[in-house]
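Work through the exercises below with the sequence and the structure at hand. Each task is followed by a solution in steps.

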Amino acid sequence: MVPIIQVKDLTYTYQNSKVPALQNVSLTIEPGQWIAIVGHNGSGKSTLAQMLNGLIAPQSGEVYIDGELLTEESVWAIRRKIGIVFQSPDNQFVGATVADDVAFGMENNGVPRAEMIPRVQAALAQVGMTAYADHEPARLSGGQKQRVALAGVLAQRPQVIILDEATSMLDPQGRHDVVSLMTSLRKTGQFTIISITHDIDEAALADQVILMDNGKVITSGTPAEIFAQGEMLQQHGLTVPLSEKVRQGLLQAGVKVADHYLDEEQLVKNLWTLHSNK
Ligand SMILES: Nc1ncnc2c1ncn2[C@@H]1O[C@H](COP(=O)(O)OP(=O)(O)OP(=O)(O)O)[C@@H](O)[C@H]1O
């Protein structure tokens with residue numbers, strides 16, 4: 001299988017900075033996966049995301065999307081394969097109505113008008129925002145705005161969706177709505193989802209977690225593999241999910257919980273089984 005994303009030895013230093021934002025970053029992402037990229041502020045996550053769709057060109061190294069090398073010539077075709085939803089719900093709207101806004105990316109890509117309408121409708125249905133098609137984007141809640149931004153990306157039928165801290169400015173309900181949407185998009189198997197996040201509980205839902213620090217990839221693995229390394233996470237300024245803290249606390253107190261990472265639901269089941277078998 002051709003990896004959907006392959007990054008080889010990427011290095012980048014911003015013009016006005018002495019410290020590299022990315023240093024020899026290499027990684028391979030298989031299609032259909034949900035990847036969480038975690039790391040504390042300034043670790044290089046957003047720079048990497050912008051490099052994946054050619055918003056920033058690498059100073060050295062290579063980016064391959066779906067087997068194709070990202071170059072000045074290929075960047076426009078490749079951008080159609082990769083949609084990004086950014087952090088701020090307020091800075092990504094251009095249309096007067098929600099429907100106009102969802103259509104905007106397709107207009108830029110020269111999709112015929114007759115094709116645009118059903119694609120807008122389908123994308124709005126996919127994010128549960130059909131009833132808001134004629135609303136002004138500015139009047140929506142933060143979570144609704146991010147769902148509309150995601151609809152704009154979906155309407156372009158990308159292979160990869162990057163969410164660059166797309167839930168970080170949302171209230172718990174908005175965050176929950178966007179994360180549920182990501183879960184349902186994953187189930188379709190049609191997209192590779194790359195979520196850059198500070199929310200470790202959100203990262204726990206991913207298939208793979210990539211930990212970055214100081215412009216480097218420190219480690220990657222399943223959430224279970226990564227969260228079992230609590231000390232290492234702390235060294236890089238991150239915490240472990242609540243369920244893992246509870247599990248470790250219980251182990252220390254002599255409770256015979258499972259000896260590996262469990263998400264909240266699995267931990268509750270594990271404790272219930274222990275209780276029932278007493
Ligand atoms: N436009 C810029 N000009 C100069 N330096 C920059 C610029 N953008 C980012 N940097 C620097 O590059 C490094 C990586 O930043 P980047 O935004 O990629 O990290 P991040 O992990 O996404 O951080 P955050 O979680 O805060 O968004 C940091 O040292 C940052 O200060």
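**Exercise 1.** Find how many bridges join strand β1 to β2, and place β1 in its sheet.

Solution. Step 1: β1 covers residues 5–12, and five bridges join β1 to β2, the two running antiparallel. Strands are DSSP runs of E with at least two residues, helices are runs of H or I with at least four, both numbered from the N terminus, and two strands pair if DSSP finds at least two bridges between them. This is a predicted model, in which local features need pLDDT of at least 70, side-chain atom pairs count only at pLDDT 80 or more, and totals for chains, interfaces and linings use all residues. Residues are numbered from 1 along each chain as its sequence is written.

Step 2: Within this pair, I5 stands opposite I29 of β2.

Step 3: The open sheet has four strands in the order β2-β1-β4-β5, paired antiparallel. Its edge strands, β2 (22–29) and β5 (68–69), each pair on one side only.

**Exercise 2.** Determine whether D9 is buried, exposed or partly exposed.

Solution. Step 1: D9 lies in strand β1. Its phi is positive, about 55 degrees, although D9 is not a glycine.

Step 2: Count the other C-beta atoms, placed from the backbone, within 10 Å: 20 or more means buried, 12 or fewer exposed, and anything in between partly exposed. D9 has 13, so D9 is partly exposed.

**Exercise 3.** Do the same for E165.

Solution. Step 1: E165 lies in the loop between β7 (160–164) and α6 (172–188). Phi of E165 is positive, near 55 degrees, in a residue other than glycine.

Step 2: E165 has 18 C-beta neighbours inside 10 Å and therefore counts as partly exposed.
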